[in-house]
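This report describes a single protein chain, starting with its charged pairs and then turning to its helices and one of its pockets. Please look over the sequence and the structure before reading on.

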Amino acid sequence: MNKRWAVKRITINLTSNEAEKLEKYCTVTGRPATDVIRELIRSLKTAEIEKDSREV
């Protein structure tokens, strides 16, 4: 499998509660935080947001 590398690296600041929630989720699912965050970003509905912003 050919893995594409990130073209942009970001740093996010999380509250201790947010960090703990992410860590627990990763522990339970056995997935790394980067994969979880990428999946959440991919699930964002950007087409709907773009449409709404043009109507304003």
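Does Arg31 count as buried, partly exposed or exposed? At 26% relative accessibility, Arg31 counts as partly exposed, because the partly exposed class lies between the limits of 20% and 50%.

**The model**

The structure is a predicted model. Over the protein chain the mean pLDDT is 88, and 91% of the residues score at least 70. Confidence varies between the elements of the chain: helix H1 has the highest mean pLDDT, 98, and helix H3 (residues 46–55) has the lowest, 73.

**Salt bridges**

Side chains of opposite charge can pair when their charged atoms come close. The structure holds three salt bridges. Each row below gives one of them, with the distance from N to O and the relative accessible area of each partner.

| Salt bridge | N to O distance | Accessibility, acidic partner | Accessibility, basic partner |
|---|---|---|---|
| Glu20 and Lys24 | 3.2 Å | Glu20, 41% | Lys24, 51% |
| Glu39 and Arg31 | 2.7 Å | Glu39, 44% | Arg31, 26% |
| Asp35 and Arg38 | 2.9 Å | Asp35, 29% | Arg38, 37% |

How far apart in helix H1 do Glu20 and Lys24 lie? Glu20 and Lys24 are four residues apart, about one turn of the helix. An α-helix has 3.6 residues a turn, so residues three or four places apart point the same way. Glu20 is partly exposed, whereas Lys24 counts as exposed.

Asp35 and Arg38 both lie in helix H2, three residues apart, which is again about one turn of the helix. Asp35 counts as partly exposed, and Arg38 is partly exposed as well. In the remaining pair, the side chain of Arg31 meets that of Glu39, and Glu39 is partly exposed.

**Helix H1 and the residue after it**

Does the length of H1 agree with what its residue count predicts, or disagree? At 1.5 Å a residue, the 14 residues of H1 should span 20 Å, and the C-alpha atoms at the two ends are 20 Å apart, which agrees. Gly30 follows H1 and has a positive phi, near 75°.

**The second largest pocket**

Which residues line the second largest pocket? The lining consists of Ile12, Leu14, Glu18, Lys21, Leu22, Ile37 and Leu40. Helix H1 (16–29) and helix H2 (33–42) are the elements that give two or more residues to this lining. The most comes from H1, with three residues. By class, five of the lining residues are nonpolar and two are charged, while none is polar. The space in the second largest pocket is about 160 Å³.

Leu40, one of the lining residues, is found in helix H2. With a relative accessible area of 52%, Leu40 is exposed, because exposed means over 50%. Between the C-alpha atoms of Leu40 and Thr29 there are 15 Å in space, and the two residues are 11 apart in sequence.

**In brief**

Helices H1 and H2 each hold both partners of a salt bridge: Glu20 and Lys24 in H1, and Asp35 and Arg38 in H2. H1 and H2 also give two or more residues each to the lining of the second largest pocket.

Definitions and conventions. Residues numbered from 1 in each chain as written. Predicted model: local features only at pLDDT ≥ 70, side-chain atom pairs only at ≥ 80, totals over all residues. Heavy atoms only, no water. 1 Å grid on protein atoms, 1.4 Å probe; cavity = no way out; pocket = protein on both sides within 12 Å on 5 of 7 lines; lining within 4 Å. Points joined across faces, edges and corners; volume = space filled by probe spheres on them. Nonpolar A, V, L, I, M, F, W, Y, C, P; charged D, E, K, R; others polar. Salt bridge = Lys/Arg side-chain N within 4 Å of Asp/Glu carboxyl O. Buried < 20%, exposed > 50% of the residue type's maximum accessible area, 1.4 Å probe, protein only. Expected span 1.5 Å × (residues − 1). pLDDT = per-residue confidence, 0-100.
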